[in-house]
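Here is my notebook for this one, written up as I went along. Pull up a chair and follow along in the viewer.

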Amino acid sequence: MRNLFIGIFLFVSLCANAQYDMYRAYQPNIDKKELIKGSEVRSKYDWSGITKGIIKGCTTEKQKARAIYNYICENISYDTNYQIYHVDQCWEQKKGVCQAYSELFYCMATAVGLECHIISGSKVNHAWNGVKINGKWML
């Protein structure tokens, strides 16, 4: 199981790097319909309290975003049964699909003052986050 998780993590990391390059090149052309409004993400948790411990010692936007990203990578597994799509279930069961991962990152990031969007692909069945760091949008 650990090897499967490591394999998925490496695959997702490689995809994220590829998506980052694509996003930088095509950022002005992203269809606004693919951005999910934050108000659509509903949760019963106080994410500011939860996330403060995760970003302890972080002072820059980049450090905060990286700490949240690392926490999720180290503590949340991919739901290979494709049943967990919501942030609360993801948090409780420590697993989820890309939508749940994106909602979790969004909730944590916005709770500590980072500007963040969930991007849902219309041509590919995938969700990821854009976060503004030092005035630039990053994936």
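Before the rings, a working rule: I call two rings of Phe, Tyr or Trp (its six-membered ring) a pair if their centres lie within 6.5 Å, and planes over 60 degrees apart make the pair edge-to-face. I also keep in mind that this is a predicted model.

**Entry: aromatic rings**

I searched the whole structure and got five aromatic pairs. One of them is Trp47 with Trp91, edge-to-face, with 5.3 Å between centres and 80° between the planes. I then looked up where the two partners sit: Trp47 belongs to helix α2 (residues 47-54) and Trp91 to helix α4 (residues 87-93), so their pairing ties together parts that are 44 residues apart in sequence.

Which residues do the ring pairs link into a cluster? I found Tyr45, Trp47, Tyr71 and Trp91 there.

Next I checked burial, for which the cut-off is under 20% relative accessible area. Trp47 has 6%, so I noted it as buried. Trp91 has 14% and therefore counts as buried too. I also noticed a charge by this ring: Lys94 lies over the face of Trp91, 3.6 Å from the ring centre.

**Entry: the chain overall**

I stepped back to count elements and came to five helices and six strands. In sequence order they run α-β-α-α-β-α-β-α-β-β-β. Of the 139 residues in the chain, 37% are buried. Among contacts with a separation of 6 or more, 50% are between residues 24 or more positions apart. For the accessible surface I have about 8700 Å², with 53% of that belonging to carbon and sulfur atoms.

**Entry: helix α3**

I compared the length of α3 (residues 61-75) with expectation. Its 15 residues reach 21 Å from first C-alpha to last, close to the 21 Å expected at 1.5 Å a residue. Which residues of α3 are buried? My list reads Lys64, Ala65, Ala67, Ile68, Tyr71, Ile72 and Cys73. Tyr71 is also a member of the ring cluster.

**Entry: helix α5**

The same length check went well for α5 (residues 98-111): 14 residues should span 20 Å, and the end C-alpha atoms are 20 Å apart, which agrees.

Is α5 largely enclosed or largely open? Eleven of its 14 residues are buried, so the rest of the structure largely encloses this helix. The buried residues include Cys98, Leu104, Phe105, Tyr106 and Met108.

I picked Ser102 for a closer look, since it lies in α5 and, at 2% relative accessibility, counts as buried. What does Ser102 touch, leaving out residues up to four places away in sequence? I found Ile118, Ala127, Trp128 and Asn129.

**Entry: positive phi**

Most residues other than glycine have a negative phi, so I went looking for exceptions. Tyr82 is one residue other than glycine with a positive value, near 55°. Its place is the loop between β2 (77-78) and α4. Asn134 also has a positive phi, near 50°, and is found in the loop between β5 (127-133) and β6 (136-138). Is Asn134 buried or exposed? With 62% relative accessibility, Asn134 counts as exposed.

One glycine went into the notes as well: Gly113, just after α5, takes a positive phi of about 90°.

Terms used
Residues numbered from 1 in each chain as written. Predicted model: local features only at pLDDT ≥ 70, side-chain atom pairs only at ≥ 80, totals over all residues. Heavy atoms only, no water. Helix = DSSP H or I, 4+ residues; strand = E, 2+ residues; numbered from the N terminus. Expected span 1.5 Å × (residues − 1). Buried < 20%, exposed > 50% of the residue type's maximum accessible area, 1.4 Å probe, protein only. Phe/Tyr/Trp six-rings, centres within 6.5 Å; stacked < 30°, edge-to-face > 60°. Lys NZ or Arg CZ within 6 Å of the ring centre and 35° of its normal. Contact = heavy atoms within 4.5 Å. Areas by Shrake-Rupley, 256 points an atom, 1.4 Å probe, with all protein chains shown as cover.
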